[in-house]
Amino acid sequence: MKRIQNFINGEYCDPQAGNYIDNVEPATGEVYCLIPDSTEEDVAMAVAAAEKAFPIWSGMTGEERGAILMRISLGIEKRMDEFVAAESRDNGKPLSLAAHVDIPRAVSNFHFFATAAEHVSSESHYMEGVGVNYTTRKPIGIVGCISPWNLPLYLFSWKIAPALASGNCVIAKPSEITPYTAYLLGEVIKESGMPAGVLNIIHGTGQYAGDAIVKHPKIKAISFTGGTKTGEYIARTAAPMFKKLSLELGGKNPNIIFADCDFDEMIKTTVRSSFANQGQICLCGSRIFVERSLYDKFKTAFVERVSKLTVSHPTDPNAKMGAVVSEPHMEKVLSYIELAKQEGGTVLTGGNRVHLEAPYNNGFYIAPTVIEGLAYDCRTNQEEIFGPVVTITPFDTEEEALMMANSTVYGLSATVWTSDLKRAHRVADNVQAGIVWLNCWLVRDLRTPFGGVKASGVGREGGWEAMRFFTEAKNVLVTF
Ligand code: NAD
């Protein structure tokens, strides 16, 4: 069976302790490759390589670093089909989604931050009659980037590209559930001319490899995307070591629909914002609040469309939804559907595991599920499910919609549908979220700040926010 390897000091290598863990294909439920179960020894090797590489990488000009990142972007693009197939197989998502979203976005992430490396500038502050301050921004040194399984290469590259563009050396760990495209990236890195040791990719569990990254004293910053519980643990571990932290965590995003919206556009987009990637996007709207006068019309049209979404294996060109990422995750999602029923919810469509024909009969498929009749403050409506399950709830006033939308511990994103301009901006202003979409969803501009409030995280990624996170500012004042 194929064994994937770590990528340390510019070379693929086996884990020091020689241990591997299974990598399961969600579409079939079968183990299809083994991944290193790395430990602190592997992290220590990577840090030693990064330490050697840092003077070389940070000593390059932004233009030189940008040129290498651009070659990585082109290198992924050149091998698009291979990356797409690997992402889809590893994650269970339809091939078409990996081909249109995941891998093109990884290409864009490297491209975008390659140009940022050339355009970066720092501030100066003139003090009348006193002097001038100027601020330098230097790379931090060695940084750790830890990413989740839902958008594997997309989110992995979203972190490492700005970290590298700003001159840091990186120890990166993809999710042990979806390691394959990060493994393939090593080949592109080799061909790009990046000096050995600048980017090191360690595979393994959060418990061992992830924890070793967070605890290593020479890793000075941690950029993490994943669950809120894990983020809390990382914050608790890293804060006493005064590490810089960027935490992109869970969500329970509201989708607020007013009766005066463009119905056709809203319904089409709401199906997508509920079930794209099997509902496993941190930005999916899982709580749908609909103005009462529109509720019945919405419910009929929405349930009709959702019940027609084809759930199939990822290579089926008709698949609108593939497998969820793992058996434990499938069980978790199904348990929340049971909880919703206990809490008084009515399943309007879905609610069950889907069994496909062999060889996909043991795959992790769940029918897209719509539930109504739940209180806004019940567990189903408060806890992150992160699967193909949404609830629909009517509201009577804007105040009530906002109260329900803001009632969770989370605050990542929100979507608002209305053609009343003032109301759109008012609701955007009052909804507790780091990202708000008005009459659209998941339209991304890589320059904008990305991240959440409350238990959805600390800090922002994207554009200059990311470049600033991965640098240390020093202010110098010279008097007249
Ligand atoms: P997770 O927290 O279980 O794992 C994320 C990563 O952290 C993995 O690489 C894992 O190995 C590692 N990890 C786990 N425990 C660790 C530890 N103790 N120390 C160091 N590393 C550790 O999350 P997941 O299940 O992979 O991803 C799903 C979660 O990610 C959801 O909650 C989702 O909302 C969130 N997410 C957030 C965003 C965002 O931008 N805010 C984006 C995507 C996903």
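Where does the ligand sit? The legends below address this question in a predicted model.

**View 1. The ligand in its pocket.** In this predicted model, the ligand sits in the largest pocket. Helix 7 (206–215), strand 10 (219–225) and helix 8 (228–238) are the elements that give two or more residues to the shell around the ligand. With four residues, helix 7 gives the most to this shell.

**View 2. The two domains beside the ligand.** Residues of the shell around the ligand come from both domain 1 (6–249 + 456–479) and domain 2 (253–445), and the ligand therefore lies between these domains.

**View 3. The residues around the ligand.** There are 30 residues around the ligand, and those that come nearest are Ser147, Lys173, Glu176, Thr230 and Glu384. By residue class, the shell divides into 14 nonpolar, 11 polar and five charged residues.

**View 4. Polar contacts to oxygen atoms of the ligand.** Two side chains and one backbone are shown here. Glu384 places a polar side-chain atom 2.5 Å from an oxygen atom of the ligand. For Thr230, a polar side-chain atom lies 2.6 Å from an oxygen atom of the ligand. Gly227 takes part through its backbone, where an N or O atom lies 2.9 Å from an oxygen atom of the ligand. The ligand taken alone exposes 840 Å², of which the protein buries 88%.

Methods: Residues are numbered from 1 along each chain as its sequence is written. This is a predicted model: local features need pLDDT of at least 70, side-chain atom pairs count only at pLDDT 80 or more; totals for chains, interfaces and linings use all residues. Side-chain values use heavy atoms; hydrogens and water are left out. A residue is near a molecule or strand if one of its heavy atoms lies within 4 Å of it. A polar contact is a pair of N or O atoms within 3.5 Å; within protein, one must be able to donate a hydrogen and the other to accept it, and residues adjacent in sequence count only if both atoms are side-chain atoms. Accessible areas come from the Shrake-Rupley method with a 1.4 Å probe; for residues, only the protein chains shown count as cover. On a 1 Å grid over the protein atoms alone, a cavity is a set of points where a 1.4 Å probe fits but cannot get out, and a pocket is an open set with protein on both sides within 12 Å along at least five of seven lines; lining residues have an atom within 4 Å of a point. A molecule sits in a cavity or pocket if more than half of its atoms lie within 2 Å of its grid points. Ala, Val, Leu, Ile, Met, Phe, Trp, Tyr, Cys and Pro count as nonpolar, Asp, Glu, Lys and Arg as charged, and the others, Gly among them, as polar. Domain bounds come from an automatic or database domain assignment.
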